[in-house]
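Hi everyone, thanks for having me. Let's look at one protein chain together, going from a single pair of strands out to the whole fold.

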Amino acid sequence: MSRTALRICPLCEATCGLTLTIEGTRVTHARGDRDDVFSKGFICPKGASFGAVDGDPDRLRTPLVRRDGELREATWEEAFDAVAAGIRPVVERYGPNSVGVVLGNPNVHTMAGALYPAVLLAGLGTRSVFTASTVDQMPKHVSSGLLYGDANAIPVPDLDHTDHLLLIGANPLESNGSLCTAPDFPGKLKALKARGGTLVVIDPRRTRTAKLADRHIAVRPGTDALLLAAMAQVLFAEGLTEPIPHVQGVEDVADALREFTPEAVAAACDVEADVIRTLARELAAAPTAAVYGRIGSCTVPHGTLASWLVDVLNILTGNLDRPGGALFPQAATDRTPRPAGPGRGFALGRWHSRVSRHPEAKGELPLSALAEEIDTATEEGEPVRALLAVAANPVLSAPDGDRLDKALDSLDFMVSVDPYLNETSRHADVVLPPPPPSQSPHHDFAFNTLAVRNQVRYTRPAIPLEPGRMAETEILARLILAVTGMHGADPAAVDQMVIDQTLGKAVKGPHSPVHGRDPRELAARLTGDTGPERRLDMMLRLGPYGDGFGVRPDGLTLEKLLAHPHGIDLGPLRPRLPQPLKTASGKVELLPQPIADDLPRLERALEERPDGLVLVGRRHLRSNNSWMHNVPALTGGSNRCTLHIHPEDAERLGVRDGAPVRVKGAGGEVTAPAEVTDDVRRGVVSLPHGWGHNRPGTRLSHAATDPGVNVNQLLDGRLLDPLSGNAVLNGVPVEVAPETAPGCASVTEKLTALT
């Protein structure tokens, strides 16, 4: 007998609602939930493959503990005993910074990953924190922090209402959107064009999104900030600015960008000056417009400047914080809105990494620095001797995985919270596997703060937790207790501690809806079957739409949300400034000092020209992270690890379509099949992210049949955006040559010999 259940898809940032067909304890089918208030039935191939992802036979079912050098199945009690015995002595002997924590991308896709890591970090007190953000979006956090005083205040394009959308370094037809939560992003772009709007795409590749565009600009990789700066200069030079209110420093920006004329940047960007002027004029002339930049404009040498300039263009054209432009979402679990006024602002470099002295950003150090923080001794403190990796596979996602692979082997102790034995978790002394997503509850804490429409949804587990499994929330709660010296305590104490602290602070806040009330009385009113549900109920009640614990009877509570299984629509994005601002001035600070100090570096880039080929990454619709390559339904077809190369470059180098080619970078060399295509511009080659499943000791049986190569092995980790610590993954110089039989010289080697 089959039944159906609702589930929010956790496989990418679109957060689509699913209707699952379940037979016994197995998901046999997934389709879009037509009644979902946000996604309205949209589904992509990843969501349609939910059952295959959920039921992957390679998912670990029990903990693994290393005994006599070998990972063996163990009980949960044995696993947490081993964690406590392995981590606590390191903390007590060498201090908290000797324990590193790596948080991977999937953490933002689960309730557990949203609710517990902050408690873990606070309990440990370590500054050795590394996350996927510094190989992805940290430049946007830093630019937002400097502009608005809050690193998480990220405006998103009002896709449903804009007249003109300019995308730079983004391919939402493949990614489904990123830092912009939008189910059916392709449909929204088509609707934009259908209502007479304009879509402009700036990308060195002719992506699926670029093919849909009215105008595609094949910019030289890594020059995004130069192009955007020139567009801003045109706005100033031609009197096309209409700055928003609540902003200071407009004239300072005009002076700072005066030399970045279209003529000055044209050669570096490989975009004609007249085209740049047209881009700026069309942006200014549109009734409403939004500029949106993503990973392609973040993972470059000037990623923070490019992210800053995206918002500068929105601000100068009057499109920030207005319908049809870029607005700040308001999530149901946001903190109680405070009155507008000056805040504490945002600071960079409050501490530095031990070896290369990289400044922290948003409390994190660059993931690129993890290997050297483990394997390099200095007089500046202890190296990282123990590691907690939560849903992270940095051997594939960080530069120079070979070095990190060796470094992980040298650790005193390592714990991985991961459903797979992958390229990173194979080094762990303890592996703690969370259950499949069908057996977990779901609410999108992070992605609702980036959603293109305000809404709230929550789904309980579609399938009861199997015997022998442990909820991910309990795994992380027990991990917190084990590493902070409270091993053996009731894991429910972690949730209760957070509730007590949160309510205790809320009742003291003069603008809180519960000011002056008894926190114990408030805690007693919370509903929910579990600690995480009670925390969700608390956040909803205290949030901007909440009931304030009875103050607003029609407000949100968990009970009300459960009564609406397809979600509750909270309306379109609305102007919110100046309330979200937390800068010291209480205004948008358009030219913060760290930005001003970095502009001379951008000016020097005007003279830089790559001599040879440069590398960029790419996304596949049926992939998101490395573990998805273990699902047969999500591999094959276009989702292959091939090197895209332009026909003219292929002919010049003697590369044949389908033949193996060697790609060499500063960090190493890989060999991949060539795919000759004019979807990349001349001078550019492209490899996808997340491949390289050929290391021994993993249990990824399907991925191992077609392992691909690790594109990040071409990087040595030295190239970083200095403001954010973000890895430079795009616009990286590489050498390409046909692979030759053993003993035969490559084209490059032959030319070298001749000269």
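Let me start with a term: two strands are said to pair if DSSP finds at least two bridges between them. With that in hand, look at Val390, which stands opposite Val417 in strand S16. One thing to keep in mind as we go: this is a predicted model.

Now let's stay with S16 and its neighbours. Strand S15, residues 386-390, pairs with S16 in the parallel sense, over five bridges. S16 also pairs with strand S17, residues 430-432, again in the parallel sense, this time over three bridges. If you want to find that second pairing on screen, look for Ser416, whose bridge partner in S17 is Val431.

So is S16 buried or exposed? Here we need a cut-off: a residue counts as buried if its relative accessible area is under 20%. Five of the five residues of S16, which runs from 413 to 417, are buried, so the strand is largely enclosed by the rest of the structure. You can check this one face at a time. Phe413, Val415 and Val417 are buried on one side, and Met414 and Ser416 are buried on the other, so to speak a strand with both faces covered.

Next, a helix. In H12, residues 262-269, the buried residues are Pro262, Val265, Ala266, Ala268 and Cys269. A bit of background helps here: an α-helix has 3.6 residues a turn, so residues three or four places apart point the same way. What do the buried residues of H12 pack against? They pack against helix H10, residues 224-237, and helix H13, residues 273-285. Just after H12 comes Asp270, which takes a positive phi of about 60°.

Let's zoom out to the whole chain. It has 27 helices and 28 strands. Its radius of gyration is 25 Å, close to the 27 Å that the globule rule gives for 755 residues, so the chain is as compact as a globular protein of that length. Along its principal axes, the C-alpha trace spans about 75 × 65 × 60 Å.

How much of the chain is buried? Buried residues make up 61% of the 755. And of the contacts between residues at least 6 apart in sequence, 72% join residues at least 24 apart.

Last, the charges. The chain has 78 positive and 92 negative side chains, and the centres of these two sets lie 3 Å apart.

That's my tour, thanks for listening!

Technical notes. Residues are numbered from 1 along each chain as its sequence is written. This is a predicted model: local features need pLDDT of at least 70, side-chain atom pairs count only at pLDDT 80 or more; totals for chains, interfaces and linings use all residues. Side-chain values use heavy atoms; hydrogens and water are left out. Helices (H or I, at least four residues) and strands (E, at least two) are DSSP runs, numbered from the N terminus. The radius of gyration is taken over C-alpha atoms; the globule rule is 2.2 Å times the number of residues to the power 0.38. Buried means under 20% relative accessible area, exposed over 50%, partly exposed in between (1.4 Å probe, protein chains only). Contact means heavy atoms within 4.5 Å. Lys and Arg count as positive and Asp and Glu as negative; His and the chain ends are not counted. The place of a charge is taken as NZ of Lys, CZ of Arg, CG of Asp or CD of Glu.
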